[in-house]
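Me: I'd like to learn how to read a pocket and a metal site in a model. Could you take me through them here?

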Amino acid sequence: MTPASTRVAGAILCVETSCDDTSAAVVEDGRVRSSIVSSQDELHAQFGGVVPEVASRRHTELLPTVVAEALGVADCGWDDIAAVAATVGPGLIGSLLVGLAAAKSFACARHVPFIPVDHLQGHVAANYALGVEPPFACLVASGGHTLLAVVEEGVRFRVAARTMDDAAGEAFDKGARLLGLGYPGGKQLDQLAARGNAAFAAFPRAAPRGCDFSFSGLKTALLYDLRGRSEAEIEAHRADIAASYQAAIIRQLVDKTLACAQAEGLRRVALAGGVAANSALRRALTERCAAAGYEVFLPPLALCTDNAAMVGLAAAHLPAIPWPDYLALDAYASGAQARAARPPKAGRGRP
Ligand code: KG4
Ligand code: ZN
């Protein structure tokens, strides 16, 4: 941290473009004044998944309108913005660069500080909208990551466990594809499973080391389960198979989360990331936490999937880089969340 780095008081304009959602928000003193998300789902549905190049170009088209709307809903003018924050990684590098370049330009033009935010820290920070106090255990489950974070202070966390192979969101998306559902798959599988019998099919219980996760075997098990059934049987029991598959993912997520909380001696448990929007996961975690005497925190659905409000909630806990030291700040596709909190060396970005 440069000596000049400080926390910002006042309205922060926030940008999130790490994957295929174009989002902007205004957050002030930990309060969300506006949050606009323009989904690119329809655009990518025709390809059955996110096409990175297409996503970057779409961010370029959508971002000016989304930012203007976020300012409008918050009833903010540019003069009211005390700082700008944006996701700098991990994510799709082209998508990240569009949001970061735009956010740095806004900050530079207004001569205000800039706050780089790590995407996973953003997901964790969604829980601050609920007033959770650290320390707490947070299950972060998205399309690209699945890990158990022990949140020590603000957005600083230690990774207690992670997936050994696929992310939970990937297991949902790939399972949805095998079941013949559209894109994006997680939400559709959630909706279909709600009408099914979770005891219909037996899926294996993965048992990696400690609190770590594994989902790739489950996906293969679904493939073989479907291969062993006739078309008519799949048609008649699609919701039952979906419910059984979903239950196997959730069982692992909930078991490991509670084991982690117990091992770490934590009494508060939180959810984060797109998979945190899953209705059965929210229900199962609530029930198990109640039985174990843990306090549970479930961010509203709009703060689970990618959004810029969570960037602002994280930014409230991070140092701001003064104008114009952030100009050379780069995005990163993967890497430790700690990189986001590290500003460039003093003077590196001066024009
Ligand atoms: O956090 P997120 O919006 O983007 C990434 O950072 O990846 O998470 C997206 C993931 C996708 O895999 C999507 O299928 C999954 O979250 N997801 C869900 C639900 N809503 C989104 N998975 C299960 N049930 C849902 N309701
Ligand atoms: Zn995400």
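Me: How many nonpolar, polar and charged residues does the lining of the largest pocket have?

Reply: A pocket is an open set of points on a 1 Å grid over the protein atoms alone, where a 1.4 Å probe fits, with protein on both sides within 12 Å along at least five of seven lines; lining residues have an atom within 4 Å of a point. Ala, Val, Leu, Ile, Met, Phe, Trp, Tyr, Cys and Pro count as nonpolar, Asp, Glu, Lys and Arg as charged, and the others, Gly among them, as polar. Here the lining has 14 nonpolar, 19 polar and ten charged residues. This is a predicted model, in which local features need pLDDT of at least 70, side-chain atom pairs count only at pLDDT 80 or more, and totals for chains, interfaces and linings use all residues. Residues are numbered from 1 along each chain as written, chains are lettered from A and ligands numbered from 1 in written order, and side-chain values use heavy atoms, without hydrogens and water.

Me: Where does the largest pocket lie?

Reply: Domain 1 (4–125 + 305–341) and domain 2 (134–300) both contribute to its lining, so the pocket lies between them; the bounds come from an automatic or database domain assignment.

Me: Which protein atoms are donors of the zinc ion (ligand 2)?

Reply: Donors are N, O and S atoms within 2.8 Å of the metal (3.2 Å for Na, K and Ca); water is not among the atoms, so sites may look incomplete. Here they are His119 (NE2), His123 (NE2) and Asp306 (OD), 2.0 to 2.1 Å from the ion. Their spacing along the chain is H-x3-H-x182-D.

Me: Are histidine 119 and aspartate 306 buried or exposed?

Reply: Both are buried, meaning under 20% relative accessible area, with exposed over 50% and partly exposed in between (1.4 Å probe, protein chains only).
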